Amino acid sequence: MTEQAQTDHKRRGGWLPGQDDLEAWIEGHRERARAHRERPRHPSVVAFRELFDTDPVIHMGITRMIEQVPRGKQYRKRHIEDVDEFFSLIDEVLTTAPAFSDGGMVTTPFAAILDWTMATPAGFAVYRDPRVNAALQRILDAWAEYLDSPASLSVISDGPDGWKSERAQQVVGMDQFEHDPDDEHWGFTSWNDFFIRRFREGQRPVAAPDDDAVVVSSTESTPYAVATNVQRRDEFWVKRQPYSLEDLLANDESVDRFVGGSVYQAFLSATNYHRWHSPVAGTIVRAFVQPGTYFSEADAEGEDATEPKDSQGYLAHVAARAIIVIEADHAPLGYVAVVPVGMIEVSSCVIADGIAPGVHVEKGQELGYFQFGGSTECLVFEPGAVESFAVQTLPDPERPSLVHLHTRIATARRT
């Protein structure tokens with residue numbers, strides 16, 4: 001992949017395009033939905049509509065968030081005209097897989113459709129409602145079934161909007177990944193199979209494999225924040241979005257060990273590698289998935305709440321996420337928590353088979369993966385455990401830089 005190709009897509013995150021391209025995609029999606037208006041809706045969408053029709057609070061909230069106008073972006077026209085269209089546009093996604101586009105790519109179509117409503121006053125409340133999130137989870141699970149099926153392979157093609165096109169291969173850096181160049185779909189069995197593709201042997205060697213004091217990146221991601229002296233309980237929903245350990249770690253019993261420690265957070269782009277690996281050698285203490293929200297944004301960000309990447313600190317506390325606590329072999333590190341967070345479309349944080357309490361993992365060993373959608377991850381360290389963070393972990397909003405998997409990101413105390 002050329003550096004320019006990587007940078008162009010990284011700046012946008014690759015999840016949603018610029019405003020004009022986003023609105024053009026929505027118009028096209030609206031036409032597709034209208035063409036299928038007579039088709040029966042998926043049962044998960046029918047159930048969501050029944051919730052809307054029978055619950056007065058949710059009925060009021062969804063109606064208002066469609067009527068209200070978000071601040072922070074200039075929209076040429078309404079994304080959603082009425083409630084019927086809201087459900088129709090959602091239903092249409094369930095039989096489509098994300099296509100490639102050089103500039104107008106929509107990898108998270110639900111976020112594209114809901115973009116208007118997510119940053120409205122009513123939308124902030126609606127997308128925090130547990131009943132709405134349960135309904136959305138059923139819909140996302142249905143989409144996951146489609147993305148796991150051979151029907152989703154239509155976008156793994158060499159057409160202009162296919163992932164086998166020359167430009168897509170440059171952006172993804174496909175030569176770094178395992179695939180069968182002679183197979184019609186590169187040997188992948190579904191869109192999700194392509195999304196969680198693996199690096200070729202030798203592409204991402206583990207930094208200092210024999211030095212347990214060296215901590216490595218657990219994902220292929222761009223730094224978002226490094227925080228120190230993190231608190232047990234803090235107001236993660238305010239503008240500065242500090243880390244609140246009880247909430248981030250879902251009240252896990254290990255919280256006490258991390259109070260006063262540090263958090264490193266980084267976010268993944270659509271074209272990045274989407275598996276997570278252990279940053280240290282050690283023994284699994286706990287590994288579980290914590291349910292949460294899917295399209296909630298930090299209203300404290302004001303106009304900036306229209307950009308999901310600006311809500312990442314907040315989302316680490318409320319979104320669906322995996323929580324994996326490891327007791328490091330290197331004693332000064334103590335416990336290390338790995339928290340892969342599902343943003344927007346991600347309802348699927350999959351912990352790998354065999355990752356369970358009592359199991360020993362090597363530094364760089366796979367822990368699990370995301371399926372479809374946007375994502376971020378946090379590494380949590382005990383106080384005094386990290387002697388220094390590597391310079392590449394420091395966020396630079398002006399020149400964001402991708403940190404490769406297995407790169408040194410920190411060095412622990414030696415004694």
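## Notebook: strands, loops and a few single residues

I began with β12 and found that it pairs with strand β13 (residues 408-412) in the antiparallel sense, over three bridges. The model I am reading is a predicted one, so I looked up the confidence as well. Within this pair of strands, Val386 stands opposite Ala412 in β13.

**The sheet around β13.** Next I asked myself in what order the strands of this open sheet come. I noted three strands in the order β1-β13-β12, with antiparallel pairing. The edges are β1 and β12 (386-389), and each of these pairs on one side only. Ignoring direction, I find neighbouring strands of this sheet turned by 30° against each other on average. A reminder to myself: strands of a sheet pair through backbone hydrogen bonds, either parallel or antiparallel.

**Confidence.** The protein chain averages a pLDDT of 88, and 90% of the residues score at least 70. I then checked residues 1-12, where the pLDDT is below 50. Beyond near neighbours in sequence, that stretch still has 29 contacts in the model.

**Strand β6 and its partners.** How many residues of strand β6 (residues 321-328) are buried? I got seven of the eight, so this strand is largely enclosed by the rest of the structure. Then I followed the pairing on to its partners. Strand β5 (residues 282-290) pairs with β6 in the antiparallel sense over eight bridges, and Ala287 has Ile324 in β6 as its bridge partner. Strand β7 (residues 335-343) also runs antiparallel to β6, and five bridges join the two. Here I picked out Arg321, whose bridge partner in β7 is Val341. The hairpin of β6 and β7 has six residues between the strands. In that hairpin I noted Gly334, which takes a positive phi near 65°.

**Positive phi outside glycine.** I looked up two alanines next. Ala208 lies in the loop between α10 (191-195) and β1 (214-216), and its phi is near 45°, a positive value in a residue other than glycine. Is Ala208 buried, exposed or partly exposed? Its relative accessible area is 26%, and because buried means under 20% and exposed over 50%, Ala208 counts as partly exposed. Ala250 lies in the loop between α11 (245-248) and α12 (255-258). Its phi is near 55°, again a positive value in a residue other than glycine.

**Ile80.** I found Ile80 in the loop between α4 (56-67) and α5 (83-93). Why does Ile80 count as buried? Its relative accessibility is 1%, and the cut-off for buried is under 20%. Leaving aside neighbours within four places in sequence, I listed the contacts of Ile80 as Arg30, Ile66, Glu85, Phe86, Leu89, Ile113 and Thr117. I also looked up Leu114, which is 34 residues away from Ile80 along the chain. The C-alpha atoms of Ile80 and Leu114 are separated by 8.5 Å.

**Pro130.** My last entry is Pro130, in helix α8 (residues 130-147). Pro130 has a relative accessible area of 64%, so I wrote this proline down as exposed. How many residues lie between the positions of Pro130 and Thr293, counted as their distance apart along the chain? They are 163 residues apart along the chain, while their C-alpha atoms are separated by 7.8 Å.

Technical notes
Residues are numbered from 1 along each chain as its sequence is written. This is a predicted model: local features need pLDDT of at least 70, side-chain atom pairs count only at pLDDT 80 or more; totals for chains, interfaces and linings use all residues. Side-chain values use heavy atoms; hydrogens and water are left out. Helices (H or I, at least four residues) and strands (E, at least two) are DSSP runs, numbered from the N terminus. Buried means under 20% relative accessible area, exposed over 50%, partly exposed in between (1.4 Å probe, protein chains only). Contact means heavy atoms within 4.5 Å. Two strands pair if DSSP finds at least two bridges between them. Axes are lines fitted to C-alpha atoms, for helices over the stretch in contact, and angles run from 0 to 180 degrees between N-to-C directions. pLDDT is the predictor's confidence in each residue, from 0 to 100.
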